[in-house]
Amino acid sequence: MSEQQMQPEKTPQQIVDELDRYVIGQHKAKRAVAISLRNRYRRRCLSRDLREDIRPKNLLLIGPTGVGKTEIARRIANISGIPFVKVEATKFTEVGYVGRDVDSMVRDLVEVSMSLLRSQRIEQMGPKARERAHEKLLDILYPEGRRYHPLSGFEKSSDEQSNLPIDIEETDSVLIKRQQLSEQLLKGELDEKEVEIDVNDQATPVVEVFSSQTGFEEMGINMQGLQNMLGNMLPSRQRRRRVKVCEAREIMFQEEMHNIIDQDELQKEALNLAQESGVIFLDEIDKIASSFTSKSGPDVSREGVQRDLLPLVEGTSVMTKYGIVKTDHILFFAAGAFNVSKPSDLIPELQGRFPVRVEFDALNVDDFKRILVEPQNALTRQYQALLEVDGLSVEYTTDAIEAIARFAFQANADHENIGARRLHTIMEQLMEEAAFDAPQKLSGKYVVDGESVEKAIAPLLKNHDLARFIL
Ligand SMILES: Nc1ncnc2c1ncn2[C@@H]1O[C@H](COP(=O)(O)OP(=O)(O)OP(=O)(O)O)[C@@H](O)[C@H]1O
Ligand SMILES: [Mg+2]
């Protein structure tokens with residue numbers, strides 16, 4: 001069946017394990033996310049009539065700033081097989097105003113599904129396309145060997161040469177030459193040589209970088225359709241280009257991939273994948289909740305955005321360039337700090353569409369300590385890697401980690417609580433000197449211990465005004 005079913009779906013525990021690699025603590029939130037994701041899969045396994053009635057469990061993630069809400073979202077994006085987009089709710093404007101309309105996130109989701117499926121296809125069929133591209137390139141580099149194919153031998157063709165008795169020796173030498181060339185090509189020895197190839201002007205690359213066509217799409221212009229239409233009307237133009245062998249290999253690979261992939265089928269599958277497995281993460285949802293009941297100023301527009309969101313969350317059809325997407329079973333996660341506004345400041349209809357509420361925990365000193373060292377992208381590791389480039393090998397003592405965490409916690413208590421982001425500002429202060437002095441004044445081992453943290457940070461904390469600006 002479809003590709004996504006070929007990959008084993010992650011169990012809730014596996015999803016939590018995956019998130020654990022980057023996000024410390026927040027177990028309730030991780031569990032809730034994992035359950036919602038798994039429920040999609042469970043639903044897909046049911047009979048059609050049951051399936052239709054089961055609604056996705058949309059989540060509202062609530063927590064103070066800097067405790068990992070967005071971080072969780074970023075990590076869900078990496079869980080394979082799930083088309084996922086994260087958008088800031090503040091980006092949208094009410095329909096009719098200049099700006100992005102809410103439907104664009106569904107279009108983005110389909111785009112993500114497309115590229116997910118494309119890379120799956122490349123994984124599956126890439127080797128075959130590579131092989132074909134290699135043979136084609138060989139044909140160009142060594143035209144005499146053109147009619148030899150490794151499996152079927154020489155082609156019997158009706159042109160002049162085939163009537164001539166083929167000289168065995170010649171056959172051998174052609175074969176050997178081709179074989180040698182093939183090996184050289186594979187080893188990359190010919191990469192820098194130039195070769196002339198015909199490129200199809202219309203072959204679109206299979207791996208598309210996120211294109212700028214959304215702008216057109218928002219204006220209601222269907223670029224793909226336009227392109228296809230024009231493409232069918234105009235004969236595909238071949239252009240002769242001189243390129244390096246390594247480039248030629250890539251171009252031919254793309255062309256072969258393009259030939260192998262059935263575009264229509266791919267689009268259909270992408271629409272389905274977005275509908276059935278898509279996840280949309282609406283970040284900063286609290287920023288569009290109005291804490292006042294005033295009906296003037298920006299609040300009207302914020303409420304307008306909320307109203308625009310309703311049908312999407314409830315289930316509606318959105319036109320995308322690949323076809324219509326029904327949003328009934330797209331899973332929505334919304335997250336916000338809700339320090340100024342409260343979830344109850346959202347319009348009631350929207351509140352009701354996020355039935356599962358999860359609160360994030362505030363982070364304590366122990367969490368900070370773990371955040372500093374445990375995640376795969378931990379801050380201390382980032383500084384180590386950066387300075388390693390300049391020949392400085394940084395080490396942190398346990399005391400140092402302890403002190404950084406303590407100072408961060410204290411700064412949060414004394415000033416504004418910005419959660420784990422405080423670790424970033426403190427680390428920046430702490431490492432400033434090393435970052436500047438490497439490599440000219442500093443090299444070799446560089447130990448950060450409790451004392452040096454104390455020396456760098458404590459004076460800043462003591463001075464209230466200084467701390468407010470610097471930390
Ligand atoms: N629980 C955590 N585990 C690991 N790192 C964390 C955690 N919480 C926060 N961080 C770190 O702090 C940074 C900010 O966190 P994040 O972006 O998730 O904040 P947020 O909860 O979305 O806050 P806001 O409401 O301000 O958007 C992250 O880049 C990450 O490095
Ligand atoms: Mg955030």
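These questions and answers go through a predicted model of one chain and its ligand 1.

Student: What makes a residue part of the shell around ligand 1?
Tutor: Its C-beta atom, placed from the backbone, must lie within 6 Å of the ligand. For ligand 1, 18 residues surround it, and the closest are T65, G68, K69, T70 and A420.

Student: Which helix gives the largest share of that shell?
Tutor: Helix α4, residues 69-76, with 3 residues.

Student: Why is ligand 1 said to lie between domain 1 and domain 3?
Tutor: Because both domain 1 (3-114 + 274-359) and domain 3 (365-460) give residues to its shell.

Student: How many shell residues are nonpolar, polar and charged?
Tutor: The shell has 7 nonpolar, 8 polar and 3 charged residues. Gly counts as polar here.

Student: What makes a set of residues a nonpolar core?
Tutor: The members are buried nonpolar residues joined through C-beta atoms within 7 Å. The largest such core has 88 residues, and L61, F333 and I404 touch the most other members. Domain 1 and domain 3 each give this core at least three residues. A second, separate core has 9 residues, among them A133, L137, A248 and M257.

Student: Which residues does L61 touch, beyond those up to four places away in sequence?
Tutor: A29, K69, F333, A334, A335, V358 and F360.

Student: What share of the chain counts as buried?
Tutor: Of 471 residues, 30%. To count, a residue needs 20 or more other C-beta atoms within 10 Å of its own.

Methods
Residues numbered from 1 in each chain as written. Chains lettered and ligands numbered in written order. Predicted model: local features only at pLDDT ≥ 70, side-chain atom pairs only at ≥ 80, totals over all residues. Helix = DSSP H or I, 4+ residues; strand = E, 2+ residues; numbered from the N terminus. Domains from an automatic or database assignment. Buried ≥ 20, exposed ≤ 12 C-beta atoms within 10 Å, placed from the backbone. Contact = placed C-beta atoms within 7 Å.
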